[in-house]
Amino acid sequence: VQLQAFGGGLVQAGGSLRLSCAASGSDFSGTAMGWYRQAPGKQRELVAAISSGGSTKYAESVKGRFTISRDNAKNTVYLQMNSLELEDTAVYYCRKYYGGSYSGLLIGSWGQGTLVTVSS
């Protein structure tokens with residue numbers, strides 16, 4: 001399973017972007033989804049995750065600024081990013097979990113991701 005993230009781009013610090021990721025398959029509503037990112041020279045990290053029931057989890061660095069949501073009718077997960085900071089510059093990836101909980105294993109591979117560049 002390889003998912004494609006969309007919506008990245010160049011934005012000034014303090015600005016906003018919304019990323020989206022569409023998943024195939026009829027099991028989307030029962031599957032947890034997550035957004036990850038990898039900044040230059042850094043390890044990949046979890047940014048936000050959402051369970052099949054709508055519970056969410058965020059990295060401390062993005063709490064209060066980013067919001068993860070899902071539209072099961074469109075098999076799509078979103079990441080609304082507000083008050084972007086220089087440190088948010090990274091390639092962002094979406095991933096699918098095995099099952100409805102984001103404490104489960106990831107399914108598939110990383111894909112290409114979408115680049116978010118925050119400028120001063």
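This is a walk through a predicted model, stop by stop, with something to select at each one.

**Stop 1: the Trp110 ring cluster**

Start by selecting Tyr36, Tyr93 and Trp110, which ring pairs link into a cluster. There are two aromatic pairs in the structure. Take Tyr36 and Trp110 to begin with: their ring centres are 5.2 Å apart and the planes meet at 80°, so this pair is edge-to-face. Colour by sequence position and you'll see that the pair bridges distant parts of the chain, with Tyr36 in strand β4 (residues 33–38) and Trp110 in the loop between β10 (106–107) and β11 (114–119), 74 residues apart.

How buried or exposed are the two partners? Tyr36 has 11% relative accessibility, so it counts as buried. Trp110 comes out at 26%, which puts it in the partly exposed class.

Now swing over to Tyr93. Its ring centre lies 5.6 Å from that of Trp110, and with the planes at 75° this pair is edge-to-face too. Tyr93 belongs to strand β9 (residues 90–97) and Trp110 to the loop between β10 and β11, so the contact ties together parts 17 residues apart in sequence. Tyr93 is buried, at 8% relative accessible area.

**Stop 2: charges over the Trp110 ring**

Keep Trp110 on screen and add Arg44 and Arg95. Arg44 lies over the face of Trp110, 4.0 Å from the ring centre. Arg95 also has its charged end over the Trp110 ring, at 4.3 Å from the centre.

**Stop 3: strand β4 and its neighbours**

Switch to cartoon and pick out β4, the strand that carries Tyr36. Five of the six residues in β4 are buried, so call the strand mostly covered. Which strands does β4 pair with? One partner is β5, antiparallel over five bridges; another is β9, also antiparallel, with six bridges.

For the β5 side, select Arg37 and Glu45, which are bridge partners. Then follow the backbone around the hairpin formed by β4 and β5: six residues separate the strands, and Gly41 in the turn has a positive phi of about 75°. For the β9 side, select Gly34, which stands opposite Arg95. That is the Arg95 whose charged end you just saw over Trp110.

**Stop 4: the nonpolar core**

Hide the charged side chains and bring up Trp35, Val47, Phe66, Val77, Leu79, Met81 and Tyr92. These have the most contacts inside the largest nonpolar core, a set of 27 residues. To see where that core draws its members from, colour β3 (17–22), β4, β5 (45–50), β7 (66–71), β8 (76–81), β9 and β11: each of these gives two or more residues.

**Stop 5: salt bridges**

Time to put the charged side chains back. Side chains of opposite charge can pair when their charged atoms come close. How many salt bridges does a search of the whole structure find? Six.

Go to Lys96 and Asp27, where the closest N and O atoms are 3.1 Å apart. This bridge spans 69 residues of sequence, from Lys96 in strand β9 to Asp27 in the loop between β3 and β4. The two ends differ in cover: Lys96 is buried at 5% relative accessible area, while Asp27, at 39%, is partly exposed.

Next, select Lys63 and Glu60, with closest N and O atoms 2.7 Å apart. Here Lys63 is partly exposed at 45% relative accessible area, and Glu60 is exposed at 62%.

Then try Glu85 and Arg65, a salt bridge with 3.7 Å between the closest N and O atoms. Glu85 sits in the loop between β8 and β9 and Arg65 in the loop between β6 (56–58) and β7, so look for partners 20 residues apart. Arg65 is buried, with 10% relative accessible area, whereas Glu85 is partly exposed at 34%.

Don't deselect that pair yet. Add Arg37, Glu45 and Asp88, and you have the network that salt bridges with shared partners build from Arg37, Glu45, Arg65, Glu85 and Asp88. Arg37 and Glu45 are familiar from Stop 3, where they turned up as bridge partners between β4 and β5.

Methods: Residues numbered from 1 in each chain as written. Predicted model: local features only at pLDDT ≥ 70, side-chain atom pairs only at ≥ 80, totals over all residues. Heavy atoms only, no water. Phe/Tyr/Trp six-rings, centres within 6.5 Å; stacked < 30°, edge-to-face > 60°. Helix = DSSP H or I, 4+ residues; strand = E, 2+ residues; numbered from the N terminus. Buried < 20%, exposed > 50% of the residue type's maximum accessible area, 1.4 Å probe, protein only. Lys NZ or Arg CZ within 6 Å of the ring centre and 35° of its normal. Core = buried A, V, L, I, M, F, W, Y, C linked by side-chain atoms within 4.5 Å. Salt bridge = Lys/Arg side-chain N within 4 Å of Asp/Glu carboxyl O. Pairing = 2+ DSSP bridges.
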